[in-house]
Amino acid sequence: MKNLIYLILFSLVFAACEKIVDVEIPSESPRLVVEGQITNLKELWKVRLTLSQPYFDQEEVDAIADAIVTIKGTDGTDVLLSYTDTGMFVSNDSLQCIVGEEYSLSIIYKGDTYTSKEKLQNAFAIDTLAAFYLPPNDRSFPEGTYIFLQGQSDQANQSFYLFKTYRNDTLKSEDLDDDEFGSVSLLNSAFDVNDILGEIAKGSLPRPILFDVDTDDTIRVEQFAITQQYYQFLIDLGAQQGRSGTPFDPPPANPNNNISNGGLGYFSVAHKEEMELVVE
Amino acid sequence: MRNLFQLILLLVSSSVIAQSFTISGRIKDAANGETLLGATVLVTDGGGGVTNEYGFYSVTLPRGTYQVTYKYLGYTDEVKTIVLDDNKTINIELGTTANVIGTAVISAKALEKKVENKKISVVKMETAKIKEIPVIFGEVDILKTITLLPGIQSAGEGNSGFNVRGGSQDQNLILLDEATVYNASHLLGFFSVFNGDAVKDLEVYKGGIPAKYGGRLSSIVDIKMRDGNSKRFAAIGGIGTISSRLTLEGPIVKDKSSFMVAGRRSYADVFLPFAPDETIQNSKLYFYDLNLKANYDLSEKDRLYVSGYFGRDVLGLSELFGINWGNATATLRWNHIVNEKMFVNTSLVYSDFNYGVDINFAENASFGLDQAINDIYIKSDWTNFISQKSKLNFGGQVIYHRFNPGLFAPNNEESAAIFQEVQIEKRKAIETGWYVGHEFKHSNRLNMYYGLRVSSFSNMGGTEYNYTKNPETNEPIAELTTSDSFASGELYNTYAGLEPRASISYNLTTTMALKGSYNRTFQYIQQATNTASAFPTDQWFSVNKNIKPQKADQVAVGLFKNFDIGLETSAEVYYKWMDNQIDYRNNANLAFNDRLDGELLSGKGWAYGAEFYVAKTEGMSSGFVSYTWAKTMREIEGISGGNPYVANFDRRHNLSVVFTQKFSKRLLATASFVFSSGAPLTTPVSKYYFNDQWNSNYDEVRNNYRIPAYHRADIGVTLKSKEKPNKKFKSNWNFSVYNVYNRENPYALYFRDIRDTDLEKFPTATIGNTAGFQTTLFKIIPAITWNFEF
């Protein structure tokens with residue numbers, strides 16, 4: 001009888017096994033890849049241009065140097081980005097985007113023109129960034145120090161956010177959140193983040209942006225209000241990157257981007273706000 | 001002129017002077033009272049009939065004295081001398097052949113396996129046969145086993161879905177005692193929902209679908225539950241690796257009525273409390289199902305049946321997260337013999353499939369997600385046994401569908417303060433089907449069937465309908481600007497279709513026949529499936545302004561030949577044209593989406609193939625070889641640049657070999673082998689660096705590649721207990737090994753960059769490089785099952 005149970009248990013072990021395989025897959029000629037983001041903050045505008053390469057080619061990225069890159073805005077902006085190094089094209093002066101205005105990127109490379117445009121979204125500054133130690137035995141949160149964010153989203157429009165959280169200048173998490181179900185949960189708009197213990201005692205559930213931090217850590221949160229298209233692009237890109245060989249994987253497909261003429265990558269115009277905190 | 005006069009005289013005399021009478025009745029199994037379907041009634045000077053799905057037969061003959069032989073595979077013939085001077089009701093009980101090993105084994109006689117009795121594009125499998133074929137974890141699975149037959153392809157390992165002649169999974173209509181089973185999967189597809197002990201008979205129509213059936217494009221899987229023993233109380237059951245089963249049956253009133261209750265429950269979760277991890281200890285993972293059936297003879301002419309199915313899967317991760325889903329069906333049937341030539345069955349059917357998700361993060365973050373499809377229908381099927389040569393079927397059905405595409409609701413007041421309830425507009429619809437079909441035996445050589453089905457579908461008002469896709473440009477409408485309101489009960493977006501059906505059979509010799517069939521089918525509801533497996537979360541949705549009914553035309557031709565040595569062979573070719581086939585935009589979001597139409601694209605499809613089958617059903621060695629060559633294509637604007645592409649479930653070569661050897665009365669072994677071409681896949685054609693990591697740039701050509709082929713061999717051994725006279729208790733042990741040579745079949749092939757988390761598994765890999773990964777689901781798996789009956 002005991003053997004039978006072992007046999008049953010053995011049969012139940014069907015954890016998927018995974019291995020790296022050598023396969024030959026079709027290949028296409030290189031395509032232009034665009035990576036760039038401009039914001040409401042006064043900064044140098046940068047766009048990086050590279051080429052795609054065969055999937056199993058483990059060489060360095062092929063950077064592009066010979067392209068004409070311009071950005072025009074409906075606010076009258078018209079700038080030429082000049083090549084610096086490793087595919088990077090940079091503006092001569094620091095520039096900033098204005099809410100509601102649209103910015104178009106144009107790239108002429110080997111006789112082909114690639115374009116892309118986005119509008120700057122409205123957003124508000126972050127109100128509070130707070131660190132809280134939560135004792136053990138809480139049902140929803142394991143013991144540790146948590147970082148909570150508080151802010152307000154623009155209720156006039158549906159808002160889409162990307163939050164980048166850095167711990168001691170190392171990027172720890174990238175979170176996407178929107179207000180489809182009423183509020184942006186990471187912004188904890190309805191809670192008092194200076195009294196997390198009180199909120200939890202009331203049965204509320206504030207949502208932390210980071211967990212497992214130590215005293216004297218410097219935490220920086222960057223809030224990007226992005227377009228719906230870029231938001232969806234990042235979600236789809238993340239789903240494609242998160243493949244695990246299970247039935248939950250999405251069908252293989254390129255995320256819809258905003259580069260014309262078959263270009264890969266994305267050119268984003270985002271509203272950026274940031275806040276820093278040293279954990280006490 | 002004189003000849004003509006004689007001819008007229010002859011015609012008049014034969015129709016007026018000769019008086020005809022009808023012999024009718026039911027044929028049952030003498031041992032347990034189960035009605036026998038497809039039993040033959042042979043009359044001395046040729047001719048005869050076959051019992052219908054309720055065991056009823058009707059044969060009309062001129063006045064006279066006849067020898068009538070009642071036959072059924074594996075049963076002793078019953079011969080009756082009948083003096084036919086009036087209409088006669090003759091009910092027959094057939095006993096099993098004495099020398100057969102056990103009651104379940106059916107040994108056929110070559111004579112009865114007549115080539116003309118086989119229908120083109122229809123496959124049948126007896127439960128007894130299915131139980132002999134080894135399956136994963138030893139869990140008898142009728143849906144997995146039928147994928148060994150030609151033209152029926154498995155949707156993949158760990159998936160109980162199947163594809164019939166280039167049709168998608170939702171194009172199969174699975175009927176259990178006439179009730180639609182919307183999701184036939186347990187444990188996300190590892191097992192199917194049918195308990196082998198409760199099933200009497202299974203028939204799959206891949207083509208040549210009679211006008212009686214409709215509603216799905218590709219196939220009809222007609223599963224009939226057993227009636228229950230009307231002679232004595234009996235039990236069958238088993239203890240298996242995954243689940244245990246118990247079926248109880250017996251007479252309510254001897255020879256008049258009987259019942260059957262069959263239950264099954266898995267018990268993987270019984271071991272969970274022994275797990276070291278607390279989360280696993282508090283987890284739930286099980287399924288159960290229950291089949292119930294009872295029947296009662298109201299009178300000689302009336303019989304009432306009640307049958308039901310209830311099954312559920314429960315999956316829970318501690319108290320935080322739970323998902324459960326299941327089907328419930330109920331069928332109430334009334335068989336009525338109007339007169340000796342007219343048989344009618346009227347059914348009232350209920351079918352429901354629903355799933356629910358419960359999430360319980362905190363007191364104020366507790367909510368659920370529910371989705372359901374629910375049908376109530378009434379149908380009536382009439383058969384008029386006009387003469388030995390001619391049989392007329394007609395009838396109709398009306399289905400009332402209700403769809404709940406999704407309800408997101410807080411579970412308590414605290415949560416309601418934070419989360420808004422979201423209900424995706426519920427939908428209602430009426431689907432009807434009306435048919436007439438005529439079976440005609442022109443001569444001993446030529447048989448034919450022709451019929452017509454008229455189907456219709458209307459959405460029903462009471463809800464608002466939003467156009468989420470622009471019907472002209474085919475683009476999704478981001479802002480819901482256009483919407484129509486319909487009054488409660490108002491019908492809108494009505495579609496109707498004519499579905500001609502025909503089949504013909506010509507006997508070239510007594511052992512060889514040429515057969516052909518044509519059918520048109522319409523489908524008005526479909527399932528949004530974007531992953532390889534059919535998940536319970538895949539919602540059913542109906543046609544509307546944007547989504548047109550699917551339509552298919554299929555022709556098939558086949559040659560059937562039986563050999564004296566007990567071999568049955570057949571070869572069939574088919575071609576199928578399909579319109580309004582649905583596929584999804586890249587990155588489509590199908591879950592809880594109130595703008596589902598906007599994610600759909602539609603176009604045409606076509607499929608063709610050849611199927612070969614050789615079977616030996618008698619003797620100590622038996623088995624079959626089945627091979628299918630098939631091609632399935634789709635062409636949809638917006639996918640693959642509008643060019644034709646191979647469908648996701650296209651598998652070019654499919655081979656299965658099953659061999660059973662009886663060593664003695666007690667020992668039996670079965671070995672099987674399956675091979676199928678790899679599933680199509682879309683691979684990257686290059687990679688690009690973005691967001692500090694490598695990303696795949698996928699080919700615009702959909703399914704540009706094939707993963708390696710799938711093949712596997714299984715073996716099973718059944719050892720029966722010693723048979724003792726006067727002892728009802730019998731048992732057997734079944735040992736099986738799945739994937740004997742431990743083939744690592746690819747379950748999925750995918751591409752990504754290597755991350756630091758991969759180093760534990762792949763120490764030699766380089767972080768930042770890109771690689772191809774393959775997952776395998778089931779390697780070698782032994783299983784053991786103990787079955788009993790008394």
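This section describes the architecture of chain A and its interface with chain B in a predicted model.

The C-alpha trace of chain A extends over about 75 × 55 × 35 Å along its principal axes, and its secondary structure comprises 3 helices and 16 strands. Chain A is divided into two domains, of which domain 1 is assembled from two separate stretches, 32-121 and 252-270, whereas domain 2 covers residues 128-225. The centres of domain 1 of chain A and domain 2 of chain A, taken over C-alpha atoms, lie 31 Å apart. Of the 280 residues in chain A, 33% count as buried. When contacts within chain A are restricted to residues at least 6 apart in sequence, 62% of them are found to join residues at least 24 apart.

At the interface between the two chains, 53 residues of chain A are in contact with 57 residues of chain B. The elements of chain A that each supply at least two residues to the side touching chain B are the helices α1 (2-12) and α3 (228-241), together with the strands β1 (17-21), β2 (32-39) and β16 (264-278). Classified by residue type, this side of chain A contains 29 nonpolar, 16 polar and 8 charged residues.

Strand pairing also links the two chains, in that β1 of chain A pairs with strand β50 of chain B, which spans residues 770-776, in the antiparallel sense and over 5 bridges. Within β50 of chain B, the residue that serves as bridge partner of A:K19 is B:Q774.

Conventions: Residues numbered from 1 in each chain as written. Chains lettered and ligands numbered in written order. Predicted model: local features only at pLDDT ≥ 70, side-chain atom pairs only at ≥ 80, totals over all residues. Domains from an automatic or database assignment. Contact = placed C-beta atoms within 7 Å. Helix = DSSP H or I, 4+ residues; strand = E, 2+ residues; numbered from the N terminus. Nonpolar A, V, L, I, M, F, W, Y, C, P; charged D, E, K, R; others polar. Pairing = 2+ DSSP bridges. Buried ≥ 20, exposed ≤ 12 C-beta atoms within 10 Å, placed from the backbone.
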